[in-house]
Amino acid sequence: MIPPKTAISKRAQRKQAVSLTPHDLTLGKLLAAGLHLGHSTSLWNPATLPFIFGTREGISIINLEHTLVYLRRACNVAKEIAYRGGSILFIGTRPGFQELTIEAARNCEGYHVSGKWIPGTLTNAYQVLGRHAPPDPEDPTRRPRIYKPDLIVLLNPLENKIAIAEAQLNMIPIIAITDTDYDPRKVTYPIPANDDSIRGVELVAKVISSAAKDGAFRRKHAMRQREMERAARRQQTGMA
């Protein structure tokens with residue numbers, strides 16, 4: 001039985017999105033994902049003026065050339081942090097974002113928060129997360145060690161002001177999708193784009209995840225190369 005054409009196209013689009021890398025990004029793909037559509041001009045934040053192409057029927061239109069540049073920059077940041085062995089936390093708490101947030105984190109062996117952000121997760125980590133941390137096998141009575149992320153990828157910053165404030169207090173850089181109603185200066189690496197399009201947010205999350213995965217792969221490869229070089233030197237020393 002041949003599946004409907006719509007089912008084929010959806011599966012093909014999903015497969016394409018999974019394999020999408022920063023080098024595959026084009027203005028056409030961003031446009032097709034609806035990332036150019038901002039909010040109503042009545043909700044416009046003046047700080048987003050450099051990223052706005054114009055207005056149409058009362059809607060701010062985002063300049064996708066800026067989106068492409070800033071998205072690629074964010075991918076480079078995620079890739080470099082993963083290459084250096086850092087941990088990445090994906091946050092997407094808006095309804096409809098949960099699944100894509102989890103998938104993006106799993107793809108690059110990162111972490112995720114897809115439910116409500118618990119105040120104090122970073123600023124009061126021992127009280128909030130300590131009971132979930134595994135005990136020290138050598139000394140179970142020792143206070144469990146809590147790790148904090150080296151980078152946060154925030155898909156809906158408007159609803160996560162507390163998470164942003166805590167990250168800033170802990171000097172943790174933030175990559176965030178910033179729509180025309182949000183001040184991009186509040187995050188470290190803004191990505192001017194529509195944060196209401198699930199398809200667009202999924203594209204952003206997956207391409208950043210792919211970049212982080214590539215960075216982690218390069219790190220493992222480099223570590224294997226160094227280990228092989230050390231083993232070769234030890235062998236040569238033993239033969240001598």
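This briefing covers two sheets, one helix packed on a sheet, and two side-chain arrangements involving aromatic rings. The model is predicted. One open sheet has three strands with antiparallel pairing, and another open sheet has five strands with parallel pairing. The structure holds one aromatic pair, and the charged end of Lys186 sits over the ring of Tyr182.

**Three-stranded sheet**

- The strand order in this open, antiparallel sheet is 1-3-2.
- Strand 1 (37-40) and strand 2 (52-56) are the edge strands, and each pairs on one side only.
- Neighbouring strands of the sheet are turned against each other by 30° on average, with direction ignored.
- Four bridges connect strand 2 with strand 3 (residues 59-62), and the two pair in the antiparallel sense.
- Ile52 has Ile62, in strand 3, standing opposite.

**Aromatic pair**

- A single aromatic pair is found in the structure.
- The pair is formed by Phe51 and Tyr70, whose ring centres are 5.2 Å apart; their planes stand at 75°, which is over the 60 degrees required, so the pair is edge-to-face.
- Phe51 belongs to the loop between strand 1 and strand 2, while Tyr70 belongs to helix 3 (residues 64-83), so the pair ties together parts that are 19 residues apart in sequence.
- Phe51 has a relative accessible area of 10%; the limit for buried is under 20%, so Phe51 is buried.
- Tyr70 has a relative accessible area of 23% and is therefore partly exposed.

**Five-stranded sheet**

- The open sheet with parallel pairing runs in the order 5-4-6-7-8.
- Its edges are strand 5 (111-113) and strand 8 (189-192); each has a single partner strand, so one side of each is left without a neighbour in the sheet.
- From one strand to the next, the twist averages 20°.
- Strand 4 (residues 88-91) and strand 5 run parallel and are joined by three bridges.
- Leu89 has Tyr111, in strand 5, as its bridge partner.

**Helix on the five-stranded sheet**

- Helix 4 (residues 98-107) lies across strand 4 and strand 5.
- The angle between helix 4 and strand 5 is about 165°.

**Charge over a ring**

- The ring of Tyr182 has the charged end of Lys186 over it, at 5.7 Å from the ring centre.

Notes:
Residues are numbered from 1 along each chain as its sequence is written. This is a predicted model: local features need pLDDT of at least 70, side-chain atom pairs count only at pLDDT 80 or more; totals for chains, interfaces and linings use all residues. Side-chain values use heavy atoms; hydrogens and water are left out. Two strands pair if DSSP finds at least two bridges between them. Axes are lines fitted to C-alpha atoms, for helices over the stretch in contact, and angles run from 0 to 180 degrees between N-to-C directions. Rings of Phe, Tyr and Trp (its six-membered ring) pair if their centres lie within 6.5 Å; planes under 30 degrees apart count as stacked, over 60 as edge-to-face and the rest as tilted. Buried means under 20% relative accessible area, exposed over 50%, partly exposed in between (1.4 Å probe, protein chains only). A charge sits over a ring if NZ of Lys or CZ of Arg is within 6 Å of the ring centre and within 35 degrees of the ring normal. Contact means heavy atoms within 4.5 Å.
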